[in-house]
Amino acid sequence: MPKQDEQIQRKVEHLFLAEKFFTDESFAGFDGIRLLHNALPELSLDDIDLSTNFIDMKMNYPIYFNAITGGSKQSTKFNIELAQLAHKFKIPVSSGSMGVYLRLPEKTKDSFSVLRENNPDGFVMANVSAKVNSEQAQQTIDLLSANALQIHLNGIQELVMPEGDREFFWLANIKDIVEKVSVPVVVKEVGFGLSRETIAELYKIGVKYVDVAGFGGTDFAQIENARNHGFDLTYLDRFSLSTVESMIESIPYQDKLTVFASGGIRTPMDVIKALRMGASSVGMSGLILHHLQKYSLSETEMFVHAFVKQLKIIMAVIGAKSISDIKKAPIIFDESLVNYAKQRQIVLPS
Ligand SMILES: Cc1cc2nc3c(=O)[nH]c(=O)nc-3n(C[C@H](O)[C@H](O)[C@H](O)COP(=O)(O)O)c2cc1C
């Protein structure tokens with residue numbers, strides 16, 4: 001198979017393997033957190049406002065569809081559907097990595113541009129790896145008229161892939177991209193989480209938005225291992241930071257930059273807990289892709305509709321009229337998270 005087709009084939013395999021390994025269970029750590037209900041909520045369900053700003057645009061809900069796909073025929077279908085849902089619910093949507101567009105623009109551009117065509121006024125993010133240069137990053141932004149650029153850090157994933165990168169000099173390049181491109185830049189992981197030290201490095205070079213993309217849902221060590229017939233590196237999972245641990249890691253930086261939470265989001269309660277932990281908005285990839293792969297678009301729409309309705313119910317339970325009120329709900333951490341925070345010398349919210 002020519003190398004170009006291998007890159008497209010890899011994206012197709014990611015879709016297939018994400019579904020194969022999808023489980024309703026999350027390992028993101030949300031079970032270790034409890035929110036206390038408010039027996040005197042003093043509010044009407046109708047008054048609850050779920051709207052929130054995503055970077056600089058008002059969105060209807062504090063959730064977004066995180067990076068998934070592009071490049072193949074299958075991706076085109078999913079990107080059309082993701083964009084239609086994003087448009088319908090007025091929530092942000094991201095493309096999958098556009099490296100394949102930079103290498104094969106004519107062959108793959110439609111699979112990405114459908115994100116904007118089907119969501120003309122919405123918040124769309126272009127997604128690239130940390131090794132593209134600033135002109136290439138700008139080309140991906142231009143194709144989508146993107147409102148923001150996501151740069152993904154995927155060192156573990158590359159190392160597990162036999163054909164993956166072996167050179168990881170990214171910081172100076174990210175700094176250059178942040179300084180030169182026309183839109184805000186979000187730096188994200190791909191499911192292994194960001195540590196406090198990494199967030200500190202990113203902050204130092206001028207990054208203002210990070211997405212922790214922690215462990216607990218889609219697992220690229222597992223996915224790439226399934227494609228890798230050489231050796232088994234599944235133990236690299238245990239190196240990862242769960243989404244909850246990574247949100248704890250972000251606490252010392254939450255007053256300096258905007259933090260998005262993603263990784264292993266399965267329920268509306270996970271979203272509310274992530275917001276309580278300081279997230280500005282909460283991303284999901286595996287969960288929405290699973291619905292689109294297993295069910296129809298209209299069934300997925302019903303799922304999203306029910307999901308956001310449940311967000312409102314949980315907000316009523318904890319007495320929160322707005323997204324910012326969620327941050328006032330009393331929160332309890334289990335012993336292992338208390339111990340984690342203590343060892344990392346981070347003060348947990350109370
Ligand atoms: C099939 C699939 C492909 C993905 N491709 C990308 C990608 O190209 N770029 C990226 O930044 N993240 C990619 N991700 C990672 C997600 O954006 C997210 O960070 C990670 O899956 C954790 O979220 P989840 O548990 O909700 O899936 C992909 C996820 C899935 C399921």
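**Figure 1. Contact between helices α2 and α4 in the predicted model.** Residues S75, T76, N79, I80 and A83 of α2 meet D110, S111, F112, V114 and L115 of α4. By class, the residues of this contact divide into five nonpolar, four polar and one charged. Two packed helices are described by the angle between their axes and the distance between the axes. Here α2 covers residues 73–89 and α4 covers residues 105–117. Their axes lie 8 Å apart and make an angle of about 5°. Angles under 35 degrees count as roughly parallel, and α2 and α4 are therefore roughly parallel to each other.

**Figure 2. Backbone at K90, in the loop between α2 and β5.** The strand that ends this loop, β5, spans residues 93–97. Most residues other than glycine have a negative phi. K90, a residue other than glycine, has a positive phi, near 50°. K90 counts as partly exposed because it has 17 C-beta neighbours inside 10 Å, where 20 or more would make a residue buried and 12 or fewer exposed.

**Figure 3. Backbone at S145, in the loop between α5 and β7.** Helix α5 (134–144) and strand β7 (148–152) flank the loop that holds S145. The phi of S145 is near 45°, a positive value in a residue other than glycine. Within 10 Å of S145 there are 13 other C-beta atoms, so S145 is partly exposed.

**Figure 4. The shell of residues around the ligand.** The ligand has 27 residues around it, of which S97, H152, G217, T218 and G286 come nearest. Four elements each supply at least two residues of the shell: helix α1 (3–21), strand β5, strand β7 and helix α12 (286–294). By class, the shell has 16 polar, ten nonpolar and one charged residues.

**Figure 5. The chain as the setting for the close-up views, with 15 helices and twelve strands.** The radius of gyration of the chain is 19 Å, close to the 20 Å that the globule rule gives for 350 residues, so the chain is as compact as a globular protein of that length. The C-alpha trace spans about 65 × 45 × 40 Å along its principal axes. Of the 350 residues, 46% count as buried. Among contacts in the chain with a separation of 6 or more, 76% are between residues 24 or more positions apart.

Technical notes. Residues numbered from 1 in each chain as written. Predicted model: local features only at pLDDT ≥ 70, side-chain atom pairs only at ≥ 80, totals over all residues. Axes fitted to C-alpha atoms, helices over the stretch in contact; angles between N-to-C directions. Parallel < 35°, antiparallel > 145°, perpendicular 65-115°, else oblique. Contact = placed C-beta atoms within 7 Å. Nonpolar A, V, L, I, M, F, W, Y, C, P; charged D, E, K, R; others polar. Near = placed C-beta within 6 Å. Rg over C-alpha atoms; globule rule 2.2 N^0.38 Å.
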